[in-house]
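Welcome! Here are a few exercises to work through with the model open beside you. Try each task before you read its solution.

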Amino acid sequence: MMLEEYVNERLVDQAKFYKSNELPEYIGQAIYFFGSNSDCEILGFIDASDTLDGTRGMIITASHIYFQFAKIGSFAYQDIVGLSLEKHRHQDMKAVIQTNTKTYAFTNHYIHQEAFITLLSDVTGIDATIVMTLHEKIENNMNIILQDINNEEYEDVVLSPVQEKKLKDFFENLSLIQQMNEPDYQYEIEVLCRQALQFFDELELDSDEIDELIQLEEQLHENENNQFDQAQSYYDDLMNKYRQGDSQAMEQIKGMMNMLGINEEELRGKSPEELQQYLYDLCDRFGVSRSLLEKMMNNQKA
């Protein structure tokens, strides 16, 4: 692999990029501030200084990365032992490089974190780990598959007008869900995932991305089942002690109700629908999965 092929303007987000054959006259100043006089095979230079004077940025050589942003540092490609890219909604991407002795995290807007991690992954042969929550992974996979459908990547798939409307609705829903708070985001992603898998099945699609999405949904159910079992066990044990007149259990239940802001008098006379909404509001307040609550409610009915 020719490293030079990966050192290009794609590495830059909000900075000035220079190729090896177009380095500015002030490159010597950049080397003085954060480079190395003994490592002269410069493949690319990113100038992130406000006045383009080389006082801040990144120097890419055949063997090292030298940089000065919020902090100054450098590392050799051969010392890298781990690479990851953190991608969380409402947060800037974070490129994390782990060496034998230190961990570096890049969150600035000067470099394109994803392109930077890709370069280091290709140079070192180390696969980069994408760090997302389970719901973010589900959203990401859904979006990839939907984009592939939209770009006609699936052969022999011709959408009917109704299916085209469904596809448009999926994109609109994903956009709306992104603006929600975390509990609502998780709940709506779970609902949309089930609908998306039904849509993909209707189109008779088959791909690695769909297989991965199915696995992610199974993992989601497994996590919820584990949470449910733990919550149900705790609830059963507490209520059993309460029925037996355990004073400590009584005080614990009263304390939990006070902590949750539950007024026993407020619950009297409420309809089942009002009680359900009351519980949903508590879920939203404390970040509890609505689907987990619904499962516990159904279990109690059974």
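**Exercise 1.** Is Glu204 buried or exposed?

*Solution.* Begin with the ground rules. This is a predicted model, in which local features need pLDDT of at least 70 and side-chain atom pairs count only at pLDDT 80 or more, while totals for chains, interfaces and linings use all residues. Residues are numbered from 1 along each chain as its sequence is written, and side-chain values use heavy atoms, with hydrogens and water left out.

Next, fix the terms: buried means under 20% relative accessible area, exposed means over 50%, and partly exposed lies in between (1.4 Å probe, protein chains only). Glu204 has a relative accessible area of 70%, so this residue is exposed.

Finally, locate Glu204: it sits in the loop between α5 and α6 (208-243). Helices here are DSSP runs of H or I with at least four residues, strands are runs of E with at least two, and both are numbered from the N terminus.

**Exercise 2.** Find what is unusual about the backbone of Glu204 and Leu52.

*Solution.* Recall the background: most residues other than glycine have a negative phi. Glu204 is not a glycine, yet its phi is positive, at about 60°. Leu52 also has a positive phi, of about 50°, without being a glycine. Leu52 lies in the loop between β2 (42-47) and β3 (57-61). Its relative accessible area is 40%, so Leu52 is partly exposed.

**Exercise 3.** Describe how helix α5 meets α3 and α4.

*Solution.* Start with α3 (residues 134-150) and α5 (residues 182-202): their axes come within 10 Å and cross at roughly 35°. Axes are lines fitted to C-alpha atoms, for helices over the stretch in contact, and angles run from 0 to 180 degrees between N-to-C directions.

The crossing of α3 past α5 is left-handed; that is, the near helix is turned anticlockwise from the far one by less than a right angle, whereas clockwise would be right-handed. Residues making the contact include Met142 and Ile145 of α3 and Leu192 and Phe199 of α5, where contact means heavy atoms within 4.5 Å. By class, there are twelve nonpolar, two polar and three charged residues. Nonpolar covers Ala, Val, Leu, Ile, Met, Phe, Trp, Tyr, Cys and Pro; charged covers Asp, Glu, Lys and Arg; the others, Gly among them, are polar.

Now turn to α4 (residues 161-177): its axis and that of α5 come within 11 Å and cross at roughly 160°. The two helices are therefore roughly antiparallel, a label for angles over 145 degrees (under 35 is roughly parallel, 65 to 115 roughly perpendicular and the rest oblique). α4 also passes α5 in a left-handed crossing. Among the residues that meet are Leu167 and Phe170 in α4 and Ile189 and Leu192 in α5. This contact divides into nine nonpolar, three polar and three charged residues.

**Exercise 4.** Classify two aromatic pairs.

*Solution.* The structure holds 14 aromatic pairs. Rings of Phe, Tyr and Trp (its six-membered ring) pair if their centres lie within 6.5 Å; planes under 30 degrees apart are stacked, over 60 edge-to-face and the rest tilted.

Tyr32 and Phe33 are 5.6 Å apart centre to centre with 80° between the planes, an edge-to-face pair. For Phe67 and Phe75, the centres are 6.5 Å apart and the planes at 55°, so this pair is tilted. Both Phe67 and Phe75 are buried, whereas Tyr32 is exposed at 69% relative accessibility.
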